[in-house]
Amino acid sequence: MIAIIDYGVGNLRSVEKAFEKMGFLVKVTSNSEKILQADGVILPGVGAFANCLKNLEILNLKDVVLKVIKEDKPLLGICLGLQILFSISEENGISPGLDALKGRVVKLPSGVKIPHMGWNQINKKTDSPIFKGVSGEENFYFVHSYYVVPEDKNIVSTTTNYGLEFTSSIWKGNIFGVQFHTEKSGESGLKILKNFGEIVKNSKRKGAAYL
């Protein structure tokens, strides 16, 4: 079972429906036990960085997410769900993140329209398994004003150009993250979710995450 963490942010139902359409067992939940019992976890997120962390803390889910990562279960962060995995954000001052990945979240450059909203192309940097069967120049749907700057450049799986070349997805062990909205990206977005679902199935069979 794949758990979609419900902490008051994100378009959860559309992600849930996408997985259900492809035949995966999925559950939207804020129950820590159900999240920890899941074989894989989706961390969604829209809105303000600090508010997302606050909601996680109020629901006692911050440590749950970190435990999921520590237990090597596949986890996919979508949009702000990717950003909060990092150390700090510069949105509205300095806000601490989950620090599961080292790096900062910074604002897009002033010379472009903010937020970055609409379709844009990815450029593959690594062979992340969630991009299996996806073209290295595919387009995905973005809505964001900030982007992640990982300390370890080796975890960058795709970049996208918008005023500068920014990190649009990452992969480190059992942790996957995308800046774009998979659930709004048509067939290509569904392919990403399907690949993640297959990773979860494979890790369940092996008793360990896809590494």
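Mentor: Let's start with a definition: buried means under 20% relative accessible area, exposed means over 50%, and partly exposed covers what lies in between. The model we will look at together is a predicted one.

Trainee: Thanks! Which class does Asp99 fall into at 35% relative accessibility?

Mentor: Asp99 sits in the loop between S6 and S7. Its phi is positive, about 60°, although the residue is not a glycine. Its relative accessibility is 35%, and since the class between buried and exposed runs from 20% to 50%, Asp99 counts as partly exposed.

Trainee: And Asp72, what is its phi?

Mentor: Look for Asp72 in the loop between H4 and S4. At 34% relative accessibility, this residue counts as partly exposed. Most residues other than glycine have a negative phi. Asp72 has a positive one, near 65°.

Trainee: Now to helix H3; which of its residues are buried?

Mentor: H3 spans residues 49-58. Its buried residues fall within an arc of 95° seen down the helix axis, so they line one face. On the other side, Lys54 and Ile58 are exposed. The buried ones are Phe49, Cys52, Leu53 and Leu56.

Trainee: What covers the buried residues of H3?

Mentor: Both helices and strands take part. On the strand side there are S5 (86-89), S6 (95-96) and S7 (101-107). The cover also includes helices H4 (62-70) and H5 (80-83).

Trainee: Which element gives the largest share of the largest nonpolar core?

Mentor: That core has 33 residues, of which Phe19, Ile42, Leu76, Ile130 and Phe196 touch the most other members. Two or more residues come from each of strand S1 (2-5), helix H1 (12-21), strand S4 (75-78), strand S10 (139-144), strand S14 (175-178) and helix H6 (186-206). The largest share, six residues, is given by H6.

Trainee: Leaving aside neighbours within four places in sequence, which residues does Ile42 contact?

Mentor: In soluble globular proteins, nonpolar side chains tend to be buried together. Ile42 is among the core residues that touch the most other members. Its contacts beyond those neighbours are Ile2, Ala3, Ile4, Ile5, Val15, Phe19, Leu76, Ile78 and Phe196.

Trainee: Is strand S11 largely enclosed or largely open, and why?

Mentor: S11 covers residues 146-150 and runs antiparallel to S7. Five bridges join the two strands, and one pairs Lys107 with Tyr146. Because four of its five residues are buried, S11 is largely enclosed by the rest of the structure.

Trainee: How much space lies in the largest pocket?

Mentor: Its lining brings together Val46, Gly47, Cys79, Leu80, Gln83, Glu91, Pro115, Val143, His144, Ser145 and Tyr146. H5 and S10 each supply at least two of the lining residues. The space in this pocket comes to about 160 Å³.

Trainee: One last thing about Pro115: is the peptide bond from Ile114 to it cis or trans?

Mentor: Pro115 is in the loop between S7 and strand S8 (116-121), and it also helps line the largest pocket. Most peptide bonds are trans. With omega near 5°, the bond from Ile114 to Pro115 is cis.

Conventions:
Residues are numbered from 1 along each chain as its sequence is written. This is a predicted model: local features need pLDDT of at least 70, side-chain atom pairs count only at pLDDT 80 or more; totals for chains, interfaces and linings use all residues. Side-chain values use heavy atoms; hydrogens and water are left out. A nonpolar core is a set of buried Ala, Val, Leu, Ile, Met, Phe, Trp, Tyr and Cys residues joined through side-chain atoms within 4.5 Å. Buried means under 20% relative accessible area, exposed over 50%, partly exposed in between (1.4 Å probe, protein chains only). Contact means heavy atoms within 4.5 Å. The arc is that of the directions from the helix axis to the C-beta atoms. Two strands pair if DSSP finds at least two bridges between them. On a 1 Å grid over the protein atoms alone, a cavity is a set of points where a 1.4 Å probe fits but cannot get out, and a pocket is an open set with protein on both sides within 12 Å along at least five of seven lines; lining residues have an atom within 4 Å of a point. Grid points are joined across faces, edges and corners, and a volume is the space filled by probe spheres set on the points.
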